[in-house]
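Here's a quick tour of a model, taken one piece at a time. Have the sequence and the coordinates open, and we'll start with a pair of facing residues.

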Amino acid sequence: MENTMQQEQHSLPFFGIPRLFPYLRKYRKTLTMMIVCGLLGTSVDILMPLLQRYALNHFIANHTLDTLPWYILFYVGAILFASVVNFLSTNGAMRTEVSVNRDLRTAAFDHLQTLSFSYFNQNSVGYIHSRVMSDTSRIGSLVSWSLMDAVWHTSYLIGSLAVMLFINARLALLVMLILPLIVILFSLFQKKLILANRKIRELNSRITGDFNEGITGAKTIKTLVVEEKMAGDFVRDTDEIRRMSIRAARLRGAFAVTMHLASSLALAIVLWQGGYIAASEVGTFSMFMSYAQGMMEPVRWIVDAISDVITTQVNIERLTRLLNTQSDVTDTPEVVEKYGDSFCPKKENWEGIQGDIEFRDVSFRYPDGDEYVLEHFNLKIPFGSNIAIVGETGAGKSTLVNLVCRFFEPTSGQVLIDGRDARERSQLWLHSAIGYVLQTPHLFSGTIRENLLYGNPNATEEQIRRALELVSADEVVDRMEKGIDSDVGEGGDLLSTGEKQLISFARAILADPRILVLDEATASVDTLTEQKIQSAIDTIIEGRTSLVIAHRLSTVRNADLILVVRDGKIVEQGTHGELLRKRGHYFRLYTRQYEDEATSSILAE
Ligand SMILES: Nc1ncnc2c1ncn2[C@@H]1O[C@H](COP(=O)(O)OP(=O)(O)O)[C@@H](O)[C@H]1O
Ligand SMILES: [Mg+2]
């Protein structure tokens, strides 16, 4: 594998639980308390039939009430004690569950922040979302509730069997005979139930997916006139879920009945073989009845807990795989040592950034692609120059700027910033000096002001206003009901793409970056706005290195240098005038676009 591939670790033994130990260590105390209290609680449960036995054998059989007050006191004391320890262990399980959930989610979220672009290229949002949300919650409940169930019920089973063996070994052994039968029966049902539930879950997520598509793609669905097909899929899936749910309910019913039968069988054994016990030992007889009946639930819960352990393996595996995925763009330990990481940047060690960029013999292919996008690419961009990059879709323009921003690293060769390999300094150091405006702008939910402050948290009212005016975004803001404090909706969806573009432009300017990257940033604004932005660009690129990928060639006329990119290579470079005189690629691109624009403006008239 190339060293640029994201490293995912696959080796996981069948029991992945040891992987969780680092996350559980913090809760050692809570877990110990939970287990100890659980054991104490079960001892009281085991004690109850014994107390019953004493009452029957002593008070009833001997017609005496001599120790009754003590008996009552002990009985009530035991019940109170059980209530307290049961509360404590349940509370411990609850606390462990929510804490482990939180820790795993935080770890996953923090880790995701460190991963590079290519991870998000290769894994869908849905996939990542369920790793962070559902895997963590299943693991959280495994290490709390399933663990507690296992402790409670295993100790109850062992304890009650021990008491029975101690009091009447022959009867105890007979009762124990049916245990394997119960275990087998339960496991069989368990397996079927798990399968049915898994199927239901799968269908459910498919339905959620359909639903999402139905909503987010509503316009497309309508314009393609595929409502009927979408509705058909939906009906098919919901029908299937109905069928599976009924099946699961039937299984659960049959399960309950079988359990009842099994416990009756245990009772029958006690009745049949316990009949010979002397009348004075009627308490022993009743005790056996209680234990025999009480054995069913624990067995069921233990089988449940074991199957939880097994089914949660896959969640543990997927989550730990995410947590162990190494970003293919990472800072070396030495760099982190000096420059800090995103959670603890050591800004005092950061050199000021000048803004010289150089590609030195760079070859690059995307981690999941097999063709080189750039090969032996060389380019020097001295500080302060205004570079325009033009070329057809897929030529490699965005790839070039992705490399400058170190969203990806060269497969071979170097990208130098201020004369030093970008890898010698931290990603954060570089990113703090780059302003990047994309063709598909992203705003965060919140107000316009909040979005602008992402660019510079300390910006003054004055600076914000100026940035907005510079890109004519003040008109957008003024049109809105609450002005700058208007909500932009999820992902900025309450604004048009062009409006989002203008806001993200202002945001980049507020950050006052040394390097400004505009990737077809004006593709979604109208010609008039584009002209305004163009004059804004001309002012703001002053004193910065800028890389402008232009959609409309009319906007690059003033660039210091225009690069014409084709198949990852620079096929022409020069100023607008020089390139036109050459009558090559640029000339053809330019005249074609000029004609297109002329035609459409004539048509518009
Ligand atoms: N994230 C990616 N993963 C794999 N291949 C990509 C990725 N982005 C772009 N490519 C490929 O790299 C080539 C150049 O793409 P790009 O730099 O986006 O072109 P441009 O910005 O000039 O339209 C294209 O062939 C495209 O298919
Ligand atoms: Mg592009």
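## A hairpin to start with

Let's begin at Leu563, which sits opposite Gln573 in strand E12. Keep in mind that this is a predicted model. The two strands involved here, E11 and E12, run antiparallel to each other and are held in register by five bridges.

Follow the chain round and you'll see that E11 and E12 make a hairpin, with two residues between them. Asp567 is in that turn, and its phi is positive, at about 50°.

## The six-stranded sheet

Zoom out a bit and the hairpin turns out to be part of an open sheet of six strands, ordered E8-E9-E10-E5-E11-E12, with mixed pairing. Strand E8 (434-437) and strand E12 (569-574) are the edge strands, each pairing on one side only. Going from one strand to the next, the twist averages 15°.

Now look at the E5 and E10 pair. Strand E5 (residues 386-390) and strand E10 (residues 545-549) run parallel, joined by four bridges. If you want a landmark there, Asn386 stands opposite Ser546 in E10.

## The four-stranded sheet

There's another open sheet, this one built from four strands in the order E4-E3-E6-E7, with antiparallel pairing. Strand E4 (374-381) and strand E7 (420-421) are at its edges; each has a single partner strand, so one side of each has no neighbour in the sheet.

Strand E3 (residues 357-364) and strand E6 (residues 412-417) are antiparallel and share five bridges. Across that pairing, Glu358 faces Leu416 in E6.

## Helix H13 and both sheets

Which strands does H13 lie across? From the six-stranded sheet, H13 lies across E5, E8, strand E9 (515-519), E10 and strand E11 (561-566), and it runs at about 155° to E10. From the four-stranded sheet, H13 lies across E3, E4 and E6, this time running at about 115° to E3.

## Around ligand 1

Helix H13 (residues 397-404) shows up again here: it gives the most to the shell around ligand 1, with three residues. The full set around ligand 1 is Asn121, Tyr366, Asp368, Val373, Glu392, Thr393, Gly394, Ala395, Gly396, Lys397, Ser398 and Thr399. Sorted by class, that shell has six polar, three nonpolar and three charged residues.

How far is the side chain of Thr399 from an oxygen atom of ligand 1? An N or O atom in that side chain is 2.4 Å from a ligand oxygen. Backbone atoms join in too: a polar backbone atom of Gly396 is 3.0 Å from an oxygen atom of ligand 1, and a backbone N or O atom of Ala395 lies 3.2 Å from an oxygen atom of ligand 1. As for cover, ligand 1 taken alone exposes 560 Å², and the protein buries 64% of that.

Note on methods. Residues numbered from 1 in each chain as written. Chains lettered and ligands numbered in written order. Predicted model: local features only at pLDDT ≥ 70, side-chain atom pairs only at ≥ 80, totals over all residues. Heavy atoms only, no water. Near = heavy atom within 4 Å. Polar contact = N/O pair within 3.5 Å; in protein donor to acceptor, adjacent residues only side chain to side chain. Areas by Shrake-Rupley, 256 points an atom, 1.4 Å probe, with all protein chains shown as cover. Nonpolar A, V, L, I, M, F, W, Y, C, P; charged D, E, K, R; others polar. Pairing = 2+ DSSP bridges. Axes fitted to C-alpha atoms, helices over the stretch in contact; angles between N-to-C directions. Contact = heavy atoms within 4.5 Å.
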